[in-house]
Structure formats: C-alpha cells, structure tokens
Amino acid sequence: MKSIKNTSIIILLITLVSCVKEVPNASNYEPQVFISGFLLDGSNYVNVRIQRTVPVDITSSEYIPNAQIAIYTKNSNGENTLLTYDFNYFNRTYRSNNMVVATVGNTYWVEIELEDGTTYTSDEEILKEEIIIKDVEITNDYNRVIFSDPVDDTNFYLINYRFYKNGRLALEVNNLTNDVLFNGNDNATFDSTEFFIDNPDEVRVTIANLNYNTYQFYFNQFEQLESQITNSGSEDDPSQLFWPPPANLTGNIINTSDNTKALGFFGIQSSSEFIKSF
Amino acid sequence: MNANIKKNFELQPSSDTLDEVIVTSENKNKSQVRKVLTGVNNLSAAEIKKLPAFFGEPDITRAILTQPGVSSVGEGTAGFNIRGGNIDQNLVLLDEAPMYISSHLWGLFSVVNADAIKGMTLYKGGMPARYGGRASSVLDIRQKEGNTKAFKGEGGLGTLFSRVTLEGPIVKEKLNFLMSGRRSYFDIFFPLIGGELENTKLSFYDLNTKLTWNINDNNKLYVSGYFGADVMKLEESPEEEAENSDGASGSIDFRWKSSTATVRWNHIFNHKLFMNLSGIYSNYTYKFISKNDNGGIIPSGQTFEWGSGVQNWIVKPDFTYYANPNTTMRFGVNGTLYQFNPAELSNVVDNFTPEDLDKDKGLEIAPYYEIEKTWDKFTMNLGLRYSWFGNIGPNSVATSHPDFPSTVNTITDIKTYKKGEVIKRYSGFEPRVSLKYDINDRKALKLGYNRNYQYIHLMSNTAAALPFDIWKPSGIHIKPLEVNQVSGGYAYDTEDATYNFSVEGYYKTFSNFVEYKEGADLFINENLETQLLPADGYAYGLELAAYKNKGRLTGNFNYTYSVSKRKTTSKFKEENINNGGYYPSNYDRPHLLNLTANYDLKEKWDVGLFFTYQTGRPTTVPTGRLSFDGNPYLTYSNRNAYRIPDTHRLDISFTYTPEGNADTRWQSSWNFGLYNVYGSPNAFSVFSTFHGDQLKTFQFSVFGAPIPFITYNFKF
C-alpha cells in the first residue's frame with residue numbers, strides 16, 4: 001500500500017540527499033499516571049489498571065496498588081448513584097467484586113484516589129446503543145463488515161476482527177473510524193485492508209460504539225503505534241515533516257487534584273459481535 | 001524648468017559587470033537611511049540570481065530566507081516565518097494577487113519563477129496602510145512588464161528543470177508582453193530506475209504572463225497572470241498488481257494548482273493625482289484521487305476523489321496624491337470576497353455517502369488613508385486602515401455546551417444560515433505609524449507601530465505545512481488574529497555609501513492565534529472548531545545587518561536574536577497545552593546568522609558564498625514509557641520543551657560568463673557549485689522509535705551531503 005507519506009519519502013529519499021543516524025536520548029524522565037478500563041453494556045465485571053510510567057530505557061512496567069475506585073451513574077432524570085466501590089486488586093488489575101449492570105442511555109464515570117491522595121475522574125459518558133452488524137465479507141483484498149449506522153448521531157467505532165484457524169486465534173486486527181463517510185447509512189460498510197490471513201475457519205467481528213474522548217484515546221494510541229511501526233520499518237517517514245506534534249495517550253481522564261488532563265481512559269461503550277464460519 | 005515634463009526611461013536589471021565603463025554613483029540600494037519604514041528589505045531579480053542556489057535554480061523563497069528576521073522550521077519546507085509569525089501571516093502578492101501556496105514539491109522550490117520578476121519588497125516591520133489582511137508581513141513581488149522596444153529572451157537548462165522567458169513588443173512602445181515558463185523533468189528518469197518508481201509521475205510546471213498596453217500618456221493597462229501546478233501520481237507496478245487476486249490496480253493521483261489574474265488600470269488625472277484600479281482573482285485547489293487504495297487518508301480502501309480549495313475576488317482602487325514635494329498621500333479601499341472549500345468527497349463504490357462540507361465565505365472591506373510627510377530632518381508615515389469582515393452564509397454552525405470543552409459530544413445545536421446572511425462580523429481600526437529622524441544624511445533613527453487584523457487562518461498541525469492544509473475564515477468559533485508590533489532602529493551609511501549598517505528591534509503581541517488540541521484530527525472534520533484552542537503569544541527580537549555594495553567583493557552579513565512564544569487560553573484548564581503555560585513556537589530559533597558574499601574573481605568569473613547558522617528548532621520528546629495491550633507506548637514532554645541541534649550550512653557557486661556573440665546578441669553563462677559544501681548533517685528532526693523492546697533515538701537530516709549542481713543560462 002502506498003500513501004501520501006510514502007510519496008513524501010520518495011521525494012525525500014530519491015530527490016534529495018537525506019540521512020538518518022542514531023543519537024543518544026537526551027530527555028529527562030517525568031513520571032505520570034496512566035489509567036485504563038471500560039464499562040460495557042449489559043452485566044459485566046469492571047476491570048481497571050493503573051500504572052506509573054517508567055524511564056524510556058526501562059522495559060518493565062510499574063503498576064500502582066492500594067487505590068480506591070468508585071463507579072457512578074446518572075440516570076435520565078439527572079440522579080447520581082454510586083454503583084460500586086468494591087474492587088479487588090489482583091494480577092496488576094482492579095476488578096469489581098460484583099457485576100455492574102449498564103443501561104443504554106444512562107451516563108457513567110469512574111473516580112479514583114491513589115494512596116498519595118491524588119484523585120482522578122473520567123468524563124461522564126453516555127452508554128450508546130449497540131450497532132447491528134448485518135454481514136461480514138472476507139476476501140484476499142479486504143475484510144468488510146456491513147452494519148447499520150444510526151441516523152442523526154455522530155458515531156465513533158472501534159472495530160475488532162479476530163480470525164480463527166484450526167480452532168486457534170490466528171490474527172487480530174483493530175480499526176478505528178468515525179461515520180463521516182457513511183453517516184446514517186443502513187448498509188454502511190467498513191473495509192479493513194491492511195492485514196489478511198489465508199482461509200480462516202471463522203471470523204468474529206466486534207463493533208464498539210464509543211464516546212468521542214475514548215475514541216480520541218484510541219486515535220492517539222493508533223497514531224503512536226503507526227508511527228512506531230512505520231518509523232522502524234522499511235516504509236519510514238523519518239523526517240516527521242508531515243506529522244503533528246506527538247500526542248500523549250490522553251482520553252477522558254482528568255487529574256482532579258490539579259485539574260489537568262491525565263493519561264488514559266475509562267470507556268463507556270456498547271459492543272456487538274458477529275460470528276461467521278467458513 | 002518652466003513646465004511639467006514627462007520622460008519615460010526603461011531600465012533593465014542586470015548583474016553583469018561592466019569593465020569598459022566605470023559607473024560611479026551613490027549606491028544606497030541597501031541603505032535603510034532613506035526609508036521611513038522599519039523592517040523593509042528589497043531584493044531585485046539580479047540579486048536573487050547572484051545567490052548560490054539549491055540545484056543551481058534561483059529561488060525567491062530561499063532568497064527571502066537570507067534576510068534578517070526571516071526563518072523557517074527547517075530546510076526544504078514550505079513558506080517562511082517573519083518575526084515570530086506563522087507562515088499564514090505572510091501576505092505574498094504576485095502583481096497584487098495573493099498566493100495561497102508558495103512552493104513546488106512540498107517546499108523545495110518557490111512557485112514564482114525568478115526570471116519573470118522585476119523585484120520584490122518584504123515589509124516585516126512598518127507596514128503601509130494600503131496593505132492588510134495578514135498579520136506579520138507582506139512580500140510584494142512585481143513581475144517584469146516586458147521589453148517595449150525589442151524582442152528578448154532568457155532561460156536556463158538545469159539539473160531538475162528548465163526555464164525560458166520571452167518578452168518584447170507586439171506594437172512597439174505601445175503593447176508589449178512577457179511570458180515565462182518552467183517545467184521539471186526529473187521524473188522522466190523514474191522508468192529507468194524501475195521498481196516502485198517505474199509508474200510514478202512527479203513534476204511541476206508554471207507559467208507567468210503579462211501584457212502591458214500604453215494606451216496614451218495618461219492611461220496604461222496591465223494584464224498579468226500566473227498558473228502553476230504540481231502532479232504526483234503513484235501506480236502499482238505490474239508485480240504488485242499481479243499480487244492482487246482480482247488483478248485490480250491501485251493508484252494515488254495527487255495534484256494541486258494555483259492561478260492568479262490581475263487587471264490593473266493606471267490613470268493619471270493630473271501631475272498630482274494618480275490612480276491604480278485593480279481587479280484580481282486568485283485560486284488554489286488540490287485534488288486527491290485514490291483508486292483501490294486508502295492512500296493513508298481514510299481507514300478504508302475505496303476509490304474516491306477528494307478536492308478542496310480557496311478562491312479570492314478582489315477589487316481595489318488606490319489613489320496617490322502628491323500634494324507637494326514633501327507630502328504624499330495615498331488612499332483607497334480594498335474589497336475581497338473569499339470562498340473556502342474545505343472538502344468535497346465524491347465516489348464511486350456502493351454504500352459510500354458523498355460528503356461535501358459547507359463552503360465558507362467571507363467578505364473583507366478595508367478603506368485606508370496614509371500620508372507621508374517630510375520636514376527638514378523629520379519624516380513621518382501615518383496611516384489608518386479600517387477593516388470589516390463578515391463571515392457569510394449559506395452555512396451551518398454548531399453550538400457547544402458552554403460548561404464543557406468543545407467536542408462533537410457537547411454540541412447542543414446546529415444553526416443554519418441563509419445565502420448572504422452575515423453569520424458573524426468583526427471590524428477594527430489598524431493604525432500604522434512610522435517616524436524617522438535624520439541625524440544627518442547618513443544616519444537616521446526610526447520608530448514604528450503597527451496593528452494588523454487577520455481574518456483567515458491556515459489549519460496546519462504539522463511541523464511543515466502541507467499542500468492540503470485547509471484555510472478557514474474567522475467566524476463564530478474563530479476570532480480574528482490581532483497583532484500589535486512596536487519596532488525601532490538605527491541606520492548608518494559610510495561616507496561613500498560602500499557600507500550600509502542597520503540595527504532594528506521589535507516587540508509583537510499576538511491575540512487569538514489558532515492552536516490545536518493534543519492529537520487533533522483535522523482531516524475532513526465537519527466540526528473543526530472542536531479541535532481548536534484559542535492562544536495568545538508574543539515575540540521580540542533584535543536584527544543587525546551590514547551590507548557592502550561596492551568593489552569586487554560585495555555582500556551582506558546579518559544576525560538576528562529572537563524569541564517567539566505562545567500559550568493556549570481555553571477557559572477549560574485541562575485542555576490547555578502545557579497546562580496553559582507559555583511554550584516556544586515551532587519556529588522559535590533564537591540565534592540566526594547569515595553571510596552572503598559575491599566576489600568578482602576576474603574577467604569572466606564570479607564566485608558566490610552563502611553561510612547560515614541557526615539555533616535548532618523546538619521539539620517535543622519522550623520522557624517516559626508505559627505498557628498497554630501488550631505494546632510499549634511513550635509519554636511526552638511538555639510541548640516544545642527541548643530543541644534539536646543547531647544547524648549550519650555553506651553553499652558556494654561559480655559563474656563563468658564567456659564572451660557574448662555581438663551578431664546574435666546571444667549571451668550565456670555556466671553556473672555550478674555545491675549546496676551544503678561540507679555536507680553538514682543538519683538535523684531536521686530528532687525522533688524515537690521502539691526496536692523490539694528498546695527505544696532508539698535518531699536524527700534525520702533532509703540534506704545530509706553536499707549537492708553539486710550545474711546550470712546553463714542564456715539570454716538574447
């Protein structure tokens with residue numbers, strides 16, 4: 001696949017005399033807290049992870065125990081209710097001791113207090129409706145999902161493809177899209193064209209209907225992942241001429257102790273799945 | 001003298017050395033003593049051509065970058081930055097028509113052919129009231145008018161492209177023309193290289209034209225035009241096509257073009273009152289066609305066309321009144337109708353909903369008056385410009401909940417405006433004041449103050465501007481940019497005017513910059529305002545310049561110290577960049593030093609040198625890492641908290657001019673040399689990526705080696 005960025009590379013590498021050399025990293029370590037978790041529609045346990053960033057040359061991760069976590073909801077009448085604050089910390093993850101029931105149309109958020117007293121909260125997000133997936137087409141050129149895009153709503157989707165072969169997960173692909181190109185289309189299509197697998201036995205496609213700030217988190221994550229892949233591979237754009245400033249993995253988390261944006265997300269999202277066997 | 005006398009003299013700019021006749025004059029070409037305005041630089045076509053050039057091709061943008069106070073984010077990037085301003089704050093005029101793109105090939109070459117121009121003036125400090133619409137500078141480029149007496153031509157055969165200019169009379173001394181064109185041809189070698197390049201098209205061309213009609217002694221009509229285009233087309237090779245199961249081929253076709261047209265009527269009412277009435281059209285469009293390939297644009301491999309652009313229609317009557325030898329007045333009005341087309345998507349496969357974003361329209365009307373008056377030792381240029389801007393319908397504008405940061409989820413209402421309805425209006429006075437005190441005829445002190453409003457904004461979130469960045473007018477969500485600048489200076493000429501010296505300082509404030517939220521997604525975004533942040537800023541600096549105008553060695557030296565900072569001012573603290581603190585702009589490069597020299601070696605040889613040293617530009621670097629979904633990710637420093645290494649470069653060129661042929665009038669010269677003589681690997685960016693689990697840091701240089709060049713130039 002070619003791209004505009006690759007076009008620029010042709011210009012840079014063929015027309016010009018460019019060069020890349022390795023240099024020492026001259027930056028200083030600045031620790032930050034990263035929170036990740038989500039609440040799905042229906043009845044589910046809630047999982048939350050909290051970690052502290054480490055220096056760039058350290059390969060292990062540092063997870064933060066002893067945090068207090070609470071999930072809140074607001075119904076359509078504007079009444080707030082504490083859903084649960086009963087979490088157990090095990091294997092780097094906080095897991096609710098009871099299942100939490102989430103209802104489409106209601107608003108949810110998380111509040112977290114660390115041992116040192118720093119507090120965080122996620123944006124209040126509405127649980128959106130499930131997306132109806134109508135069909136999935138798998139060819140050698142594209143993996144297509146056909147679904148009904150809601151009318152009169154701006155939607156943001158995380159689309160996950162899992163390909164199974166001989167009873168085992170052989171390939172997993174995540175794509176992110178908004179509905180600019182197919183808004184309100186009852187037979188909207190989305191094609192994933194980057195990764196393929198020959199003759200899968202089964203494919204499972206999940207569409208998560210996200211809120212904007214959670215989408216923004218995934219957007220930043222995908223951008224960073226893509227830049228890491230393209231910059232370390234052969235189709236690189238090392239110039240970063242046409243890249244925006246690097247974005248931190250911020251989503252919908254606010255540090256309420258100092259009222260600044262914090263790393264991470266707590267997504268409120270509905271999810272629908274379609275399974276097709278071959 | 002007992003009557004008014006009018007005589008026309010035609011002067012041709014030239015860099016030739018005349019040995020047979022020694023011309024002596026008080027050459028004050030670079031003197032700042034006579035000019036009342038601060039921060040004005042003139043460059044003639046001949047001077048531009050004397051500079052050592054990238055690939056041997058004279059280039060006006062690179063020539064501008066040799067002037068004090070002018071910088072860019074890096075080598076090979078589009079546009080230039082003046083005294084802490086963004087590239088969209090420069091009004092680039094070609095025969096009065098605004099240009100919306102300044103470069104071919106993503107920033108490598110200027111869109112304007114140096115052969116076609118007479119000269120240019122850069123206003124970066126004191127700006128006359130007749131100019132407006134941009135906040136930081138005006139680059140006024142004037143095309144040649146064409147020779148009135150004889151047919152002439154000039155051109156060059158270069159490494160990357162060739163150019164030819166023809167001019168002459170159609171009706172002698174009555175109607176004359178100029179035509180100048182360039183075409184690149186390096187892509188003809190791509191099939192020889194093969195591989196991915198085999199089916200690649202990569203080229204540009206441009207054409208400058210002008211027609212001058214001397215109707216009579218009191219009336220003159222000028223018609224000029226420009227057309228330039230870049231083409232990039234990538235097609236899958238047969239091998240890649242064969243890999244596709246259905247044999248379908250993929251391609252990306254990307255092209256952008258710029259065109260302008262100016263009609264100017266010059267009328268002399270009497271020996272005191274002159275008028276220029278101009279009608280101007282300017283157009284910039286780009287188109288992207290993707291076939292069976294996502295082109296990196298949309299996350300879905302489909303066939304589609306995407307187009308965007310900006311158009312201007314301008315009418316401007318300008319009057320000049322010479323009240324007496326010491327008093328000149330100018331007055332007039334500028335009227336500009338803008339149309340911005342943010343995105344037109346069309347396509348071609350099923351289930352794809354064509355999406356056209358609403359066109360933005362704006363009307364700017366700006367009457368002005370300026371007076372320049374000289375007393376014995378004191379000169380002043382006073383001006384007042386009043387600008388009115390209306391963002392006009394039809395359009396739909398979203399309203400967000402006032403208590404939350406603006407996102408698509410906080411939109412509460414969408415209001416529709418009818419055709420011609422004023423959605424939002426802004427207006428303001430723009431005073432311009434320049435004062436000069438002559439200590440004597442070789443020394444002068446200057447002081448100036450300017451206010452400028454800018455009602456259109458380039459939406460660009462990348463280190464280097466892209467051809468497909470879009471423009472947006474001010475409206476409900478975007479306020480006009482306001483810049484106030486105070487500048488002052490001292491100019492000094494040596495007794496025989498061999499040397500000119502100047503020192504200038506400035507302080508600027510910027511209100512209502514457009515900044516971008518972290519991770520902003522600007523592509524075909526119907527609610528672009530949700531990605532923007534308001535920002536303020538300031539810039540200050542000191543510029544020192546010295547010129548040597550006479551002798552075998554000529555040239556100039558300039559040094560600039562400058563600071564350019566900004567901060568976002570959202571009322572929602574959590575979305576402000578760097579928590580609302582000041583941070584350096586992308587082009588904040590405090591130390592900037594340029595040295596240009598030309599030496600007349602002997603009869604047929606000239607040598608030119610250019611050296612530049614600049615502080616590295618600010619950058620944002622990784623300061624930590626985390627793990628998510630099994631992959632390592634980076635966390636970053638505050639915006640622009642670090643700097644890439646400083647850069648420096650030396651260019652050299654030699655010009656050999658053999659004896660011309662007197663019979664054929666054919667004159668030729670060879671220009672050859674080295675760009676980046678000692679191969680300085682100047683850092684354009686420093687970036688970090690994961691290689692496995694380990695983070696590695698790299699430095700990228702656009703020009704990491706010397707680039708030899710040779711060009712054959714001719715004229716007849």
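So, let me open with a question: which lysine side chain meets Glu154(B) in a salt bridge at 2.7 Å, N to O? It's Lys144(B). Glu154(B) sits in strand β10 of chain B, while Lys144(B) is in the loop between β9 (137-143) and β10, so the salt bridge ties together parts that are 10 residues apart in sequence. Before I go on, please keep in mind that what you're looking at is a predicted model.

Let's stay with Glu154(B) for a moment. Its side chain also meets Lys49(B) in a salt bridge, this one at 3.2 Å from N to O. Here the partners come from distant parts of the chain: Glu154(B) is in β10, residues 152-157, and Lys49(B) is in helix α1, residues 45-50, which puts them 105 residues apart.

Are these residues buried or exposed? Well, Glu154(B) has a relative accessible area of 16%, so it counts as buried. Lys144(B) is at 9%, so that one is buried as well. Lys49(B), at 30%, counts as partly exposed.

And these residues belong to a network of salt bridges. If you want to click through it on the structure, the members are Lys49(B), Glu57(B), Asp115(B), Lys144(B), Glu154(B) and Arg163(B). Over all chains, the salt bridges come to 33.

Let me show you another one of those. Asp95(B) forms a salt bridge with Lys210(B), and the closest N and O atoms are 3.1 Å apart. This pair links distant parts of the chain too: Asp95(B) is in the loop between β4 (90-94) and β5 (97-98), Lys210(B) is in strand β13 of chain B, residues 201-216, and 115 residues separate them. How accessible are the two partners? Asp95(B) is buried at 5% relative accessible area, and Lys210(B) is buried with a value of 5%.

Okay, now something nonpolar, still on chain B. There's a surface patch of about 530 Å² made by Trp375(B), Phe378(B), Tyr437(B), Ile439(B), Leu445(B) and Tyr490(B). To find your way there, look for Tyr490(B) in strand β27, residues 481-493. Tyr490(B) is partly exposed, with a relative accessible area of 30%.

Let's move over to chain A. What is it built from? You'll find 2 helices and 21 strands in there. Chain A has 278 residues, and 52% of them are buried. Its exposed surface comes to about 12,200 Å², with carbon and sulfur atoms supplying 46% of that. As for contacts in chain A with a separation of 6 or more, 65% are between residues 24 or more positions apart.

One strand I'd like you to look at is β11(A), residues 107-113. It's mostly covered, with 5 of its 7 residues buried. Which strands does β11(A) pair with? Among them is β6(A), residues 68-74, running antiparallel over 7 bridges, and there Lys74(A) stands opposite Thr107(A). Another is β13(A), residues 125-126, joined to β11(A) by 2 bridges, again antiparallel. Thr107(A) turns up here as well, opposite Ile126(A).

Then there's β12(A), residues 119-122, which is antiparallel to β11(A) and joined by 3 bridges. Glu111(A) has Thr121(A) as its bridge partner in β12(A). The two strands make a hairpin with 5 residues between them, and in that hairpin Gly117(A) takes a positive phi near 95°.

That's my tour. Thanks, everyone!

Note on methods: Residues numbered from 1 in each chain as written. Chains lettered and ligands numbered in written order. Predicted model: local features only at pLDDT ≥ 70, side-chain atom pairs only at ≥ 80, totals over all residues. Heavy atoms only, no water. Helix = DSSP H or I, 4+ residues; strand = E, 2+ residues; numbered from the N terminus. Buried < 20%, exposed > 50% of the residue type's maximum accessible area, 1.4 Å probe, protein only. Contact = heavy atoms within 4.5 Å. Areas by Shrake-Rupley, 256 points an atom, 1.4 Å probe, with all protein chains shown as cover. Patch = residues over 30% accessible without salt bridge, like charges linked within 9 Å, V, L, I, M, F, W, Y side chains within 5 Å. Salt bridge = Lys/Arg side-chain N within 4 Å of Asp/Glu carboxyl O. Pairing = 2+ DSSP bridges.
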